[in-house]
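Welcome to a short guided tour. A learner puts questions to a teacher, and the two of them read the features one by one.

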Amino acid sequence: MILPLPLGEGRGEGLRENDEIDIFLIFIFPKREYKNTRGGVYFVDPHPNPFPKGRGRKSPQSEVDMKACVLNSPQPVDDRPLEFTDAPDPEPAADEVLLRVRACGICRTDLHVVEGELPVRRTPVIPGHQIVGDIAGVGSEANGFELGQRAGVAWLHQTCGACKFCRSGRENLCERAEFTGWTKDGGYAEYITAPATFVYSLPDGFDDLMAAPLLCAGIIGYRALRLTGIEKEQWSGARLGIYGFGAAGHVVIQLARARGAEVYVCTRDRERHQALAAELGAEWVGGAKDEPPAKLDGSIIFAPAGELVPVALQALEKGGVLVLGGIHMSAIPTLEYSLIYGERTVRSVANNTRDDGREFLAEAASIPVRTHVQEFPLEDANEALIALKHDAIRGAGVLVV
Ligand SMILES: [Zn+2]
Ligand SMILES: [Zn+2]
């Protein structure tokens, strides 16, 4: 007789006295851990994942679909290149968490990915890097998050931790960094995975929609403010210039004013951007190329327009820093040396460190910053990006997932 005998269970049931046993078949099942997710359980295998981590997706055999806006190839956004479709549910690797996305902010960087101003790093790709969601799965080695907890994912998806930049507190410049919604799938989707150590816990006091724009517009704006070189004790009475007044600008003005600065805003669009800047307490509001009535101690250009660099330098006080806040900018025209003479500095902002993110979220909660958002359903991501491109969003655009 052959008796199947699962180890630790069924200890010989079915055996009768005097039965002779010829072969024992012993089955060993791995210890399994089940986690709750939508409509069922999520299985975290404590043993190595049989599927490669690379794309962080389920194998074709175990595919479960989610809805997502997928970019197959970059095109002008007016051609509506994002396809609202089914995509495989992502599965967290051991060091990752799975989030059920609730809201995802749209950013000008998404526009640069979709239109191909940034080189293609992943095809197809799901854009989006200002993600607020609930933890729906936790990898076996991921710490710090509980199922159901609200959390945020930002642009900096992961760094190597080993290069000279990572080792010197400058992980924003990592040689091998991964970026959410560019080199990794992002949040224009129902689900996303991210390394737990790069996921932010979010302060209470911001609902999901209001929190989303904090995760890039806010964090990058915060870093740009720091790079103006204006020190803590110098903020009171300092004059800050902001060129381009979208999602980042409308957060930065709130930080700067709370620190005691006077804010001068140069932006096109009287109805939306200029009106919002005035509402948020700008000292002066003018057109994109208008000259403010005072010299500015520091300025930030958020518009991706290189022609604003000489304009902003013209208005900058001696010793001031002009910070370029975008990942992409049109060509900067030739500069007269006199524009930078007087120890003026021009510098860019590249990404952010996790410390920037944590410090910013704490400061934003303490003020508190109030984001002005315009909602779009996930399936209207193309329309949202078209509105962003044509300056038709007041404050920040957010996809509701
Ligand atoms: Zn690195
Ligand atoms: Zn962004």
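**Reading the structure step by step**

A: Let us start with one residue: A189 is buried, with a relative accessible area of 0%. Please keep in mind that this is a predicted model.

Q: Where along the chain is A189 found, and which residues beyond its sequence neighbours is A189 in contact with?

A: A189 sits in the loop between β11 (178–179) and β12 (191–195). Leaving aside neighbours within four places in sequence, A189 is in contact with M66, K67, A68, V101, I126, L378 and V401. Take V401 from that list: A189 and V401 are 212 residues apart along the chain, and their C-alpha atoms are separated by 7.1 Å.

Q: What does the protein chain come to as a whole, in helices and strands?

A: The secondary structure comes to nine helices and 21 strands. Of the 401 residues in the protein chain, 52% are buried. Among contacts with a separation of 6 or more, 67% are between residues 24 or more positions apart.

Q: How do I read a helix, and how many residues of helix α9 are buried?

A: The general idea is that an α-helix has 3.6 residues a turn, so residues three or four places apart point the same way. Here, helix α9 covers residues 381–389, and seven of its nine residues are buried, so α9 is largely enclosed by the rest of the structure. The buried ones are A381, N382, A384, L385, I386, A387 and L388.

Q: Which elements do the buried residues of α9 pack against?

A: They pack against β5 (65–71), β6 (82–88), α1 (108–115), β20 (373–377) and β21 (396–400). In β5, five of the seven residues are buried, so this strand too is largely enclosed by the rest of the structure. β5 and β6 run antiparallel and are joined by seven bridges, and L71 stands opposite L82 in β6.

Q: How do I look for empty space, and what is the volume of the largest pocket?

A: Rolling a probe the size of a water molecule over the atoms shows where empty space is left. In this model the largest pocket has a volume of about 1000 Å³. Its lining counts 49 residues, and the closest to the pocket centre are R108, H112, F302, A303 and P304.

Q: Which element gives the most to the lining of the largest pocket?

A: That is α1, with five residues. Elements that each supply at least two residues of the lining are α1, α3 (217–227), α4 (247–258), α9 and β21. By class, the lining has 26 nonpolar, 15 polar and eight charged residues.

Q: Which residues are the protein donors of the zinc ion (ligand 2)?

A: The donors are C107 (SG), H129 (NE2) and C216 (SG), lying 2.0 to 2.2 Å from the zinc ion. H129 and C216 link distant parts of the chain, 87 residues apart: H129 is in the loop between α1 and β8 (131–138), and C216 is in the loop between α2 (208–211) and α3.

Q: Are these two residues buried or exposed?

A: The cut-off for buried is under 20% relative accessible area. H129 has 1%, so H129 is buried. C216 has 8% and counts as buried as well.

Q: Which other loop residue can I practise on, and what is N352 in contact with?

A: N352 is found in the loop between β19 (345–348) and α8 (354–366). N352 counts as buried at 1% relative accessibility. Apart from neighbours within four places in sequence, N352 is in contact with L156, N172, Y200, I219, I220, R223 and G357.

Q: What should I look for in the backbone angles?

A: Most residues other than glycine have a negative phi, and most peptide bonds are trans. R80, in the loop between β5 and β6, has a positive phi near 55 degrees. E343 has a positive phi near 60 degrees and counts as exposed at 69% relative accessibility. Just after α9, D391 takes a positive phi of about 60 degrees.

Q: Where are cis peptide bonds found?

A: One joins T123 and P124, with omega about -15 degrees; P124 lies in the loop between α1 and β8. Another runs from I367 to P368, with omega near -20 degrees, and P368 is in the loop between α8 and β20.

Definitions and conventions. Residues numbered from 1 in each chain as written. Chains lettered and ligands numbered in written order. Predicted model: local features only at pLDDT ≥ 70, side-chain atom pairs only at ≥ 80, totals over all residues. Heavy atoms only, no water. Buried < 20%, exposed > 50% of the residue type's maximum accessible area, 1.4 Å probe, protein only. Helix = DSSP H or I, 4+ residues; strand = E, 2+ residues; numbered from the N terminus. Contact = heavy atoms within 4.5 Å. 1 Å grid on protein atoms, 1.4 Å probe; cavity = no way out; pocket = protein on both sides within 12 Å on 5 of 7 lines; lining within 4 Å. Points joined across faces, edges and corners; volume = space filled by probe spheres on them. Nonpolar A, V, L, I, M, F, W, Y, C, P; charged D, E, K, R; others polar. Donors = N, O, S within 2.8 Å, 3.2 Å for Na, K, Ca; no water. Pairing = 2+ DSSP bridges.
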